[in-house]
Every structure is written in C-alpha cells, then in structure tokens.
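How many salt bridges does the model hold? This report starts there, then moves to the cores, one helix and a pocket.

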Amino acid sequence: MTDTHADHAGQGEQVLARLQTLLVESDRLEDFLDELVTLTAQALPVPAHCSVTLSPEGGDQPTTAAASDPEVELFDQRQYEIDDGPCLSTLRTGTPHDIPDLEAEDRFGPFPDLCNEYGMCSMLSLPLTPPRQRVSGVMNLYSSERGAFTRPVREQAAVFAGYASGALGVALKIAGQLQFSTDLQRAISSRTIIDQALGIIMSQRRCDSEQALEVLKRLSQEHNIKLRDVASEVVAQVSGAPPATRPLHPRDSAL
C-alpha cells in the first residue's frame with residue numbers, strides 16, 4: 001500500500017528545495033513569483049491554475065503579482081474591479097476560502113458566474129503571510145473540476161503556501177535590501193556632489209564649510225530647487241560639465 005502522507009511529505013520537500021533554488025536563481029522578485037505559481041500548479045495532483053495576489057498590509061490596492069496563465073489573471077482582476085471575491089476576503093481576513101462548486105456559490109457578487117463562463121468550477125484561496133513584512137498575500141487556485149480541492153489536496157496546497165510564505169518573506173527582504181542599497185548609493189552620490197560644490201564656494205568666497213552650506217541652502221530656497229540640483233549647477237558652471245560620480249562596487253569576496 002502506498003503511504004500517501006509520505007508521498008506528500010516527499011513532494012513537499014522537493015517543492016521546498018525548488019523554492020530555495022528559485023530564490024538563488026531569480027534576479028527579480030517577479031521572476032521568483034512567476035516560477036512559484038507554475039511550480040504550484042504543476043505540483044498538485046489535480047488540474048489547477050495558480051496566481052499570487054499581493055497587497056500592502058490592510059488589503060488595499062491588491063495586484064496580481066504572478067499568474068500561471070492569462071485566465072487566472074482575468075479572474076483576479078475581476079475581483080478587484082467588483083471589490084468582492086474569495087481572494088479579497090482571504091486577503092482582508094487571513095481566512096482560507098474553499099469553494100467546491102462555483103456554480104452553486106451565492107456569495108461574492110457576479111464573480112462565480114464569470115468563473116463558470118470560463119469553465120472554472122472550484123477555487124481555493126490561501127493566505128500568504130511573510131514574516132515581519134508589511135505585505136499580505138494570497139495564493140489563488142482554480143480548477144476546472146468540481147470539488148477538486150479535497151481535504152488531502154487542501155492540506156498539500158497549505159504546505160506549499162506555507163513554504164511560499166517563508167520564501168516570499170526572504171525574497172521581499174532581499175528586494176528591500178537591494179532598494180536600501182540603491183537609496184544609500186544615491187544618497188552618497190548626492191553627498192559627493194554637494195561636497196564638491198561646497199569646496200568650490202569655499203574657494204571662491206574664502207569661507208568655511210558651514211558658511212558655504214548656508215549659501216547653497218539659500219540658493220535652493222530662492223529658486224525652489226533641491227539642494228543636490230543646486231550643487232550640480234555650481235559644479236557644472238566651474239567645470240563646464242555635469243558632475244560625475246563613481247558608482248559603489250562591493251569588495252571582491254575572499255571566497
């Protein structure tokens with residue numbers, strides 16, 4: 001006799017390993033999510049379509065971050081337009097929604113009828129809760145079979161959603177760190193240009209750095225221009241060319 005739980009556990013471990021590989025291989029969060037929905041749709045033992053909806057904490061302005069096929073994205077978009085559906089309900093409450101027969105469903109306004117028009121008969125929405133992230137999400141699963149998401153399938157999908165939540169948390173953290181690095185590099189670049197301008201003003205007016213900074217601030221306020229832009233103009237007037245800054249590069253690893 002085949003041990004179904006052992007099979008699910010083994011497949012879950014394979015999915016986890018693949019998700020970890022995706023985090024290493026994917027250059028962008030979008031690439032990771034695209035692979036994630038495809039992997040999930042293929043891993044379940046029933047015909048399924050998958051999408052991931054993300055939203056800032058609180059459920060406002062949801063967007064489909066990835067979809068296994070265009071029809072799924074259409075269903076998600078329809079929910080956003082009518083502001084009603086299993087996905088949005090799960091996004092706002094954190095409660096999973098299992099709809100075994102969309103044709104018999106009397107909630108969520110016209111959304112079930114739309115699914116029926118496209119041959120979707122059942123749906124499962126599972127919350128994604130990346131740890132320590134101000135982002136909430138939902139994994140949406142659609143099937144052309146009624147009652148497709150049986151208890152074993154729901155349990156397996158919940159395991160995948162749990163893996164996805166953790167992996168998504170890491171991906172969002174990495175994306176945040178990359179943005180922080182970009183912001184830091186931009187700030188350092190601005191500081192370099194301002195320092196160049198201060199040096200020019202100090203030389204021209206024979207003043208100290210504090211007095212030179214006051215000159216820049218006054219010009220910024222008088223012309224309603226950002227301090228960095230005023231500094232760039234000062235440097236350009238003297239050098240005859242826009243200021244150039246060297247990008248920061250990480251040190252080569254000893255490994």
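## Salt bridges

The count of salt bridges comes to seven. The rule asks for a side-chain nitrogen of Lys or Arg within 4 Å of a carboxyl oxygen of Asp or Glu. The model is predicted: local features need pLDDT of at least 70, side-chain atom pairs count only at pLDDT 80 or more, and totals for chains, interfaces and linings use all residues. Residues are numbered from 1 along each chain as its sequence is written, and side-chain values use heavy atoms, with hydrogens and water left out.

Three of the pairs are tabulated here.

| Acid | Base | N to O distance |
|---|---|---|
| Glutamate 103 | Arginine 146 | 2.4 Å |
| Glutamate 105 | Arginine 107 | 2.6 Å |
| Glutamate 155 | Arginine 151 | 3.2 Å |

Glutamate 103 pairs with arginine 146. This pair links distant parts of the chain, 43 residues apart. Glutamate 103 sits in the loop between strand 3 (97–99) and helix 5 (111–117), and arginine 146 in the loop between strand 5 and helix 6. Helices (H or I, at least four residues) and strands (E, at least two) are DSSP runs, numbered from the N terminus.

Burial varies among the partners. The scale is relative accessible area: buried is under 20%, exposed over 50%, partly exposed in between (1.4 Å probe, protein chains only). Glutamate 103 is exposed at 52%, while arginine 146 is partly exposed at 46%. Glutamate 105 is buried at 17%. Its partner, arginine 107, is partly exposed at 39%.

Glutamate 155 and arginine 151 both lie in helix 6, four residues apart, about one turn of the helix. Glutamate 155 is partly exposed at 38%, and arginine 151 is exposed at 57%. Shared partners also join Asp101, Glu103 and Arg146 into one network of salt bridges.

## Cores and helix 2

A nonpolar core is a set of buried Ala, Val, Leu, Ile, Met, Phe, Trp, Tyr and Cys residues joined through side-chain atoms within 4.5 Å. The largest core has 32 residues, and Phe32 and Leu141 touch the most other members. At least two residues each come from helix 1 (4–25), helix 2 (29–43), strand 1 (49–56), strand 4 (122–128), strand 5 (135–143) and helix 6 (151–205). Helix 6 gives the largest share of this core, nine residues. Another core, of 16 residues, lies apart from it; Val72, Tyr80, Leu91 and Ile99 are among its members.

Phe32 is also one of the buried residues of helix 2, as are Leu33, Leu36, Val37, Leu39, Thr40, Ala41 and Ala43. The 15 residues of helix 2 should span 21 Å at 1.5 Å a residue, and its end C-alpha atoms are 21 Å apart, which agrees. The expected span is 1.5 Å times one less than the number of residues.

## The largest pocket

Which residues lie nearest the centre of the largest pocket? They are Leu219, Val230, Glu233, Val234 and Gln237, out of 13 lining residues. The pocket has a volume of about 220 Å³. Helix 6, helix 7 (209–223) and helix 8 (227–239) each give two or more residues to the lining. Helix 8 supplies the largest share, five residues.

On a 1 Å grid over the protein atoms alone, a pocket is an open set of points where a 1.4 Å probe fits, with protein on both sides within 12 Å along at least five of seven lines; lining residues have an atom within 4 Å of a point.

How values were computed:
Points joined across faces, edges and corners; volume = space filled by probe spheres on them.
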